Amino acid sequence: MNPHVIVIGGGTAGMEAAGRLARAGMSVTLIEKGKDLGGHLRDWYHLFPDRRSSDEVLEYLKGQISHQNIRLLTGQQVTGFIHKGNEFTVSTGNGDTINGDALLLATGFDLFKSERKEEYGYGIYENVITSADLEAMFRKKEVKLVSGKKPERIGFLHCVGSRDEKVGNIYCSKLCCVTAVKQAIEVKKIFPASKVFCFYMDMRMGGALYEELYKEAQEKYSVGFIRGKVSEVAVNINNRLVAKVEDTLVGRPLKMELDMLVLMAGMEMSEDAVRLAKETNLQMGENRFFKPADHHFGTNMGNVNGVFYAGACTAPLNITETISHARSAVTEIVNYLNTGRK
Amino acid sequence: MEKFGFSLTKARVIDYDANDRSIVSYILEREPSLNLCIECGCCSAACTTGNFTGFSLREIHILLKRGENDLVRQKIRKCMLCGKCILVCPRGVNTRNVVFLAKQAFTKNEGYEF
């Protein structure tokens with residue numbers, strides 16, 4: 001009989017890994033809590049840095065999992081697992097149990113809940129939205145203010161829920177900078193007459209073609225960049241948003257009226273995965289993502305032999321990195337199952 | 001000799017080696033969180049004083065670290081120690097204590113009175 005690998009999470013990492021495991025001759029059960037596969041990818045419009053449609057990647061992933069060795073279980077929440085010797089038993093919310101030889105956690109991330117930064121007014125002021133809300137607008141091809149009007153001035157606020165002791169996240173989510181630049185360009189393409197500003201602490205453009213995208217935003221779209229962390233947002237008598245920031249490069253406080261403010265929500269370990277980690281004694285790092293066995297050689301493994309990790313449940317990762325991480329997890333799992341499970 | 005009216009202009013360079021960093025050392029010993037500042041300016045954006053005067057806590061931090069004490073000595077008089085800056089700091093710097101300790105250091109080291 002083929003070894004059986006249970007993959008928890010049907011987003012980018014889980015789908016890629018499931019497909020690769022099946023092609024490596026494993027029998028795979030892919031468990032997804034939602035009713036559809038694809039995870040966050042289903043909510044995005046275009047991906048950075050090349051503005052490829054996320055649907056294209058989704059199609060690729062669907063192709064990956066169309067394999068006879070893969071059994072799909074959607075709409076099922078994993079509540080825990082136990083292991084005896086080399087065998088794992090996973091239990092789900094509706095009382096089922098599934099036995100397997102190895103476990104791959106591909107539980108991904110949750111977006112930071114922007115309401116928690118109350119001073120930015122998400123859920124209070126109607127035209128304060130999140131980066132995810134804007135992607136949804138792009139997908140519907142309906143980018144507009146609540147009044148239905150075109151926004152004339154749009155601000156992007158970096159580091160919402162990232163690099164912020166006040167919400168307990170000291171880490172950088174690393175994708176929000178490039179996402180803001182990508183979204184700024186998308187907005188300018190829809191509203192060429194609008195003016196777009198990014199409020200940033202540092203522009204972290206450390207990825208292939210990111211800096212080029214940043215330059216394109218300046219060169220072709222005249223996106224403005226203001227270095228400072230916004231302290232608060234209010235609404236003035238004209239019902240326009242007002243952001244308060246120090247323009248640190250000038251060294252003076254700056255206030256700016258905006259029609260729309262986009263909060264670049266960071267990434268956090270998914271709440272369900274935190275619960276699972278606590279119940280099963282899987283170690284989490286200081287940042288609450290799964291703690292890798294080794295930061296150089298063991299990012300697919302943790303503290304329980306036979307339990308593997310793939311994707312953004314280990315750290316904020318982009319789609320490219322997530323797919324690579326899923327592939328390396330498959331290599332580790334195959335190695336584990338072939339070499340006496342040590 | 002004919003006088004042409006030439007004079008020497010003081011260089012505006014930050015002379016890092018000549019500058020006195022005893023004030024910042026005094027503060028850091030007692031409030032090491034000052035080292036965590038990333039110059040985001042959130043403190044200055046939230047600051048009531050900074051809205052009306054040239055006071056910027058972010059600037060104070062960097063001036064202290066560079067030993068530009070003459071500027072700091074004048075500027076920190078403006079702080080009202082309200083502590084709004086502490087509420088917004090994403091790095092958890094105890095910004096108010098930095099001002100308090102700076103005043104203390106100037107008084108102790110230089111006999112300067114605020």
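Author: Two residues are in contact if their C-beta atoms, placed from the backbone, lie within 7 Å. This model is predicted.

Reader: By that test, how many residues does each chain give to the contact between chain A and chain B?

Author: Chain B gives 17 residues and chain A gives 16. On the side of chain B that touches chain A, the elements giving two or more residues are α2 (42–46), α3 (48–52) and α4 (57–66) of chain B. The largest share comes from α2(B), with 4 residues.

Reader: What classes do the residues on that side of chain B fall into?

Author: They divide into 7 nonpolar, 6 polar and 4 charged.

Reader: What makes up chain B, helices or strands?

Author: It has 7 helices and 0 strands. Its C-alpha atoms fill a box of roughly 65 × 30 × 25 Å along the principal axes. Of its 114 residues, 38% count as buried.

Reader: What makes a residue count as buried?

Author: It is buried if 20 or more other C-beta atoms lie within 10 Å of its own. In helix α7 of chain A, residues that pass include A:Ile319, A:Ala326, A:Ile333 and A:Leu337.

Reader: How do you know on which side of α7(A) the buried residues lie?

Author: They cover an arc of only 160° around the axis, so they sit on the same side of α7(A). That buried set packs against several elements of chain A, among them β1 (4–8), α1 (12–23) and α2 (54–65). The face turned away carries exposed residues: A:Thr331, A:Asn335 and A:Asn338.

Reader: How do you know whether the length of α7(A) agrees with its number of residues?

Author: It has 20 residues, 319–338. The expected span is 1.5 Å times one less than that number, so the helix should span 28 Å. Its end C-alpha atoms are 29 Å apart, which agrees. Just after α7(A), A:Gly340 takes a positive phi of about 75°.

Reader: What describes the packing of two helices?

Author: The angle between their axes and the distance between the axes. For α4 (176–190) and α5 (210–219) of chain A, the angle is about 35° and the axes are 10 Å apart.

Reader: Why is a crossing called left-handed or right-handed?

Author: It is left-handed if the near helix is turned anticlockwise from the far one by less than a right angle, and right-handed if clockwise. α4(A) passes α5(A) in a left-handed crossing.

Reader: Which residues of α4(A) and α5(A) meet?

Author: Among them are A:Val181, A:Lys182 and A:Ile185 in α4(A), and A:Leu213, A:Tyr214 and A:Glu216 in α5(A). By class, this contact has 8 nonpolar, no polar and 2 charged residues.

Notes: Residues numbered from 1 in each chain as written. Chains lettered and ligands numbered in written order. Predicted model: local features only at pLDDT ≥ 70, side-chain atom pairs only at ≥ 80, totals over all residues. Buried ≥ 20, exposed ≤ 12 C-beta atoms within 10 Å, placed from the backbone. Arc of directions from axis to C-beta. Axes fitted to C-alpha atoms, helices over the stretch in contact; angles between N-to-C directions. Nonpolar A, V, L, I, M, F, W, Y, C, P; charged D, E, K, R; others polar.
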